[in-house]
Amino acid sequence: MKVSEYRQNMRDKVAKAAREIDADTQSALDTAGDRAEVGNLIAIINDNGASALKKGAAIDALNTISNFSPLLRARMPEIVNALRGHMDSGEQDLRERALGTLTAMKDEVAQERLVAEIVADKPEAEKLLPTAKSIAMLGRDEKSLPLAVLRQVISNPPDDACLIEALRHLPSEPEAFGALRAVMENDDAPLEARAMIPEMACEMDAPAFVSAARDLLKSKGAEHELAPFLAKGVAGANSAEAAEEVRAAKAEISALAEAAPEAFKSAAAALLANEDPPSDP
């Protein structure tokens, strides 16, 4: 194939894709402005005889037009009530779509229900949604995720996904530091979770974090899988309150770096690069 033919084929493909996108956009706009079509979508969600698949498609369609349909906004209370009716649906996909849409709307009824499910003393398989998904949905409105609930999950996570999701949404408040330190020091916790903590913990309480990092480096050494992340965390401790702890940590990290694995040396470099050069005797 000649270069000119190849370029023409590529232009044709791009033009076709653009037409399809335009067609989809126009279809959504047509639906958004059609009072009967909007009413039909709401009716499907409320229809006891409609399949879960059809109801899910209707919810998706309403979500697609939600940002630019004044007709939809006018009927929002009706839509919210329809969606709430599916929070306990026996069809997981429909239940998840309904709860996901409601939490995106910051609906307090759905938020309270998911918080109750997170802390409920029952197996994950019996919950409305897996705990990790509930936390992710509630995370759209951080005010709906109480610190006490997140600390409970972090202290006793049903699985690794729950722990990681709870850490992602933990607010930067000093009272959360203890929960973070416990995970950071737990070698049985996944590294993906522990590696998130140094930067977070440093932001919450820099002096306490640097002290904890020093203790960990002393006990576990530079070869430990978390050591590079601890060094990076210390490098980010810029508060005046942590200055003395940071100076002591720098000295220890410098000594460890001499015979450390490359990952630790690389992480320590950013910290040690800011050291003043030694003065001549």
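**Exercise 1. Describe the largest pocket of this predicted model: which residues line the pocket, and which helices supply them?**

Solution. Begin with the lining itself, which in this predicted model is made up of Ile 118, Val 119, Ala 120, Asp 121, Lys 122, Lys 127, Val 149, Gln 152, Val 153, Asn 156, Pro 157 and Pro 158. Next, assign these residues to helices: α7 (108-119) and α9 (147-155) each supply at least two residues of the lining, and α9 gives the most, with 3 residues. Then sort the lining by class, which yields 7 nonpolar, 2 polar and 3 charged residues. Finally, the volume of this largest pocket comes to about 180 Å³.

**Exercise 2. Determine whether Glu 117 is buried or exposed, and which residues it touches.**

Solution. First place the residue: Glu 117 lies in helix α7, one of the helices that supply the lining of the largest pocket. Then apply the cut-off, by which a residue is buried when its relative accessible area is under 20%; Glu 117 has a relative accessible area of 7% and is therefore buried. Lastly, leaving aside residues up to four places away in sequence, Glu 117 touches Lys 122, Glu 126, Lys 127 and Leu 128. Of these contacts, Lys 122 and Lys 127 also appear in the lining of the largest pocket.

**Exercise 3. Characterise the largest cavity by its volume, its lining and the classes of its residues.**

Solution. Start with the count, which is 1 cavity of 30 Å³ or more, and with the volume of the largest cavity, about 70 Å³. The lining consists of Ile 45, Ile 59, Leu 62, Asn 63, Ser 66, Leu 72, Met 76, Ile 79, Leu 83, Thr 101 and Met 105, and α3 (52-65) and α5 (76-84) each contribute at least two of its residues. Sorted by class, the lining has 8 nonpolar and 3 polar residues, with no charged residues.

**Exercise 4. Identify the residues that touch the most other members of the largest nonpolar core, and follow the contacts of Leu 170.**

Solution. The core holds 80 residues, among which Leu 170, Phe 209 and Phe 264 touch the most other members. Helix α14 (residues 206-220) provides the largest share of this core, 7 residues. Turning to Leu 170, and not counting residues up to four places away in sequence, its contacts are Leu 147, Leu 150, Ile 154, Ala 176, Leu 180, Met 200 and Met 204.

**Exercise 5. State which residues of helix α15 are buried, and what covers them.**

Solution. In α15 (residues 227-235), the buried residues are Ala 227, Pro 228, Leu 230, Ala 231, Gly 233 and Val 234. Their cover includes α11 (177-184), α13 (197-204), α14, α16 (243-257) and α17 (262-272).

Definitions and conventions
Residues are numbered from 1 along each chain as its sequence is written. This is a predicted model: local features need pLDDT of at least 70, side-chain atom pairs count only at pLDDT 80 or more; totals for chains, interfaces and linings use all residues. Side-chain values use heavy atoms; hydrogens and water are left out. On a 1 Å grid over the protein atoms alone, a cavity is a set of points where a 1.4 Å probe fits but cannot get out, and a pocket is an open set with protein on both sides within 12 Å along at least five of seven lines; lining residues have an atom within 4 Å of a point. Grid points are joined across faces, edges and corners, and a volume is the space filled by probe spheres set on the points. Helices (H or I, at least four residues) and strands (E, at least two) are DSSP runs, numbered from the N terminus. Ala, Val, Leu, Ile, Met, Phe, Trp, Tyr, Cys and Pro count as nonpolar, Asp, Glu, Lys and Arg as charged, and the others, Gly among them, as polar. A nonpolar core is a set of buried Ala, Val, Leu, Ile, Met, Phe, Trp, Tyr and Cys residues joined through side-chain atoms within 4.5 Å. Buried means under 20% relative accessible area, exposed over 50%, partly exposed in between (1.4 Å probe, protein chains only). Contact means heavy atoms within 4.5 Å.
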